[in-house]
Structure formats: structure tokens, C-alpha cells
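Please look over the sequence and the model below before reading on. The paragraphs after them go from the interior of the chain to its pocket, its helices and a few single residues.

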Amino acid sequence: MTQEKTALVLQGGALRTIFTSGVLDGFMAKGYFPFDILIGVSAGTMCLSYYLGNQYRTTYEIIRRLADDKDFINLKNIFKEEGIVNLTHLRNFTTTKFPIDYKKALEQKKGRIVEFVATDFYTGKAVYLHPTVENWNDCLIASSALPLYSKGSHTLDGQKLIDGSWSDPVPVKRAIELGANKIIVIRTTPKEHKDTKSYIGALGAVWYRDQKALKNCLQNEHLFYNSAVDFMNKKHENVKIIQIAPNQKLKTTANSSNQTKVLEDYRHGLDLGIQFVMNNVN
């Protein structure tokens, strides 16, 4: 009989990961940490970091405080160096107000595979980063750096990287490659949701039209995502994929929210996280 190997996969979604933070707080409240493999993408990497650190409600507090902070998200900054979402501001805010508990996170990481997904700026291929105490924050930024939307790119170990959502938005196949046969995916969109081409992708494809691989990533972002959704929603032999997803579109969008919406979406995630553990743990 094949031994069960369980993976946790966290989709990105900027502020929409308030739902993810709720689910993971539900897991933490119940002491649920059965995973052999943990993979995060974009803003999902921040949620994953605080989950590894067993820091209950921390991601909720970060998103709650930043949701209406114009120094963090400002559409007027689209053509400025830091873009609409200021990752430098986020880094400074989190490291001073809500530092990751690296000691605990590294303890939890022992004997497990932990990866943050980024995209190679020049090839458009997914890059799977392995965070350490020395490079953890750089991995977080690299996985979330979006051309125009946030800081255009981030260089780590000589490699120019951008947001992992452009190459592997929901890395379930990656989890399978690593040996997982049971995969729990925390989504920030309803299960059947399909994307259409985004304005950032369309604008970015024009802006980077001389870089073929990057242009392809940007203009086909929605196709990569939709392919991942189709894969998750199919039945697979010898692999069980379980999705924890919002019952309907979240009130919070990727780059806008308010305190009421944040709390509502967080509580929705928290309820589903607790329900999942109660229904799946003997």
C-alpha cells in the first residue's frame, strides 16, 4: 500500500489571501499540521511563512492594517518604481511590527519540503525557491514582484525573478512531482472560477514586448491559471486533490478592501478551516 504524502498548496491573490489566513488560523487553532510538502505562490508565501511560525492571527492583522493604507496600495503609482503595491513598505512593516518567528518556522520546516514559487524574468519558467533564515524575505519578495503592479522584479542569487503566479499560479502539478498523493489547496477564488486576460497582463505584454518569454507569460497568465483550475477539478488516479475555496467571490479584491470586508472574508476562511479539520481528523 502506497504511503500517504500530503501537500499544502497556497494560491496567491494579494489582499484576497485574507481568506487563506482565516483557513490557516483554523488549522492552527486545531493544531493541524500534517503536511510533508508546503508550497506557496505570491501573497500565499506570506501566509505560509506565518503558518510555519505558528503565528495565529498575524497575517490577518497585517492585511487588516494595510488594506486601506495608501502607502502600501495606490493605483496612482502604477508607473513608479515600486508600482501599485509597495513591497518595500510591506517588508518594512512586517519586519518591524510582525516579524516571522524563524526559530519556530525552521523547526516546522525540518524534514519537510517548503517551496516558494517565482518566475524567471528572462525565460518565463517557474523557479522553486527554498527559503532559509538568510534569504527568507528575499524569497517572499521574489515570489510577489509583479511588473507594473508591484516592484518589477527582484534579484536573488544572481537570478532576476518575478511573481510565481505568472508561471505556476496553483502548483498542484509541482506537488505531485515532489511525491504528494494527497493535496490540500487553499484557493482565493471559488472552485469553478476562470480568469480572463487582466489589464496588468495586457499592459505588461506591451511594455515588455521585446522580451518574448516574459511577454508570453504576461499575456497568457489567465490561460496558465485556467489550465491549473481544469487540472484540479478533474479526478486523478492515485492522487487526491482537496480544494478549500470561498463559497462565492470574496468581498476583498486583489488590491482593495476595507475593515468590514476584511473581517467578513477572514471569518469565512476561518469557518471553513475549522470545519475541514473537524471533518477530516478522527
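**A walk through the model**

Sorted by class, the residues that line the largest cavity comprise 5 nonpolar, 4 polar and 1 charged. The model is a predicted one, and it contains 1 cavity of 30 Å³ or more. The space inside the largest cavity is about 50 Å³. Which residues form the lining of this cavity? They are Ser21, Leu24, Asp25, Met28, Cys47, Tyr50, Tyr51, Gln55, Thr58 and Thr59. Helix 1, helix 2 (44-52) and helix 3 each contribute at least two residues to that lining, and helix 1 gives the most, with 4 residues.

The chain as a whole comes next. It has 282 residues, 58% of them buried, and its secondary structure consists of 11 helices and 8 strands. Among contacts with a separation of 6 or more, 75% are between residues 24 or more positions apart. The accessible surface amounts to about 13200 Å², and carbon and sulfur atoms account for 48% of that area.

An open site can be set beside the closed one. The second largest pocket has a volume of about 260 Å³. Its lining is made up of 15 residues, and those nearest the centre of the pocket are Ser167, Asp168, Val170, Lys173 and Ala228. Which elements each supply at least two residues of this lining? Strand 4 (126-129), helix 7 (172-177) and helix 10 (221-232) do, and helix 10 gives the most, with 5 residues. By class, the lining of the second largest pocket has 9 nonpolar, 2 polar and 4 charged residues.

Helix 11 covers residues 259-280. At 1.5 Å a residue, its 22 residues should span 32 Å, and because the end C-alpha atoms are 32 Å apart, the model agrees with that expectation. Which residues of helix 11 are buried? They are Val262, Asp265, Tyr266, His268, Gly269, Leu270, Leu272, Gly273, Phe276 and Val277. In an α-helix there are 3.6 residues a turn, so positions three or four places apart point the same way. The buried residues of helix 11 pack against two helices, helix 1 (18-29) and helix 3 (58-66), and against two strands, strand 7 (182-186) and strand 8 (240-244). Helix 1 and helix 3 were met above, as contributors to the lining of the largest cavity.

Helix 6 is mostly covered, with 8 of its 9 residues buried. The buried residues are Trp136, Asn137, Cys139, Leu140, Ile141, Ala142, Ser143 and Ser144. Asn135 belongs to the loop that runs between strand 4 and helix 6 (136-144). Is Asn135 buried or exposed? Its relative accessible area is 15%, so Asn135 is buried, the cut-off for that class being under 20%. Setting aside residues up to four places away in sequence, Asn135 touches His130 and Leu156.

Ala7 is part of strand 1 (residues 6-10). With a relative accessible area of 0%, Ala7 is buried. Its contacts, apart from neighbours within four places in sequence, are Phe35, Ile37, Ala175, Ala180, Lys182, Ile183 and Ile184. One of these contacts, Ala175, is 168 residues from Ala7 along the chain, yet the C-alpha atoms of the two are separated by 6.4 Å.

Two residues remain, and both concern the backbone. Most residues other than glycine have a negative phi. Ala14 is not a glycine, but its phi is positive, at about 55°. Ala14 sits in the loop between strand 1 and helix 1. Its relative accessibility is 26%, so Ala14 counts as partly exposed. Asp157, also a residue other than glycine, has a positive phi near 50°. Where is Asp157 found? It is in the loop between strand 5 (154-156) and strand 6 (159-163). At 75% relative accessibility, Asp157 counts as exposed.

Key
Residues are numbered from 1 along each chain as its sequence is written. This is a predicted model: local features need pLDDT of at least 70, side-chain atom pairs count only at pLDDT 80 or more; totals for chains, interfaces and linings use all residues. Side-chain values use heavy atoms; hydrogens and water are left out. On a 1 Å grid over the protein atoms alone, a cavity is a set of points where a 1.4 Å probe fits but cannot get out, and a pocket is an open set with protein on both sides within 12 Å along at least five of seven lines; lining residues have an atom within 4 Å of a point. Grid points are joined across faces, edges and corners, and a volume is the space filled by probe spheres set on the points. Ala, Val, Leu, Ile, Met, Phe, Trp, Tyr, Cys and Pro count as nonpolar, Asp, Glu, Lys and Arg as charged, and the others, Gly among them, as polar. Buried means under 20% relative accessible area, exposed over 50%, partly exposed in between (1.4 Å probe, protein chains only). Contact means heavy atoms within 4.5 Å. Accessible areas come from the Shrake-Rupley method with a 1.4 Å probe; for residues, only the protein chains shown count as cover. The expected span of a helix is 1.5 Å times one less than its number of residues.
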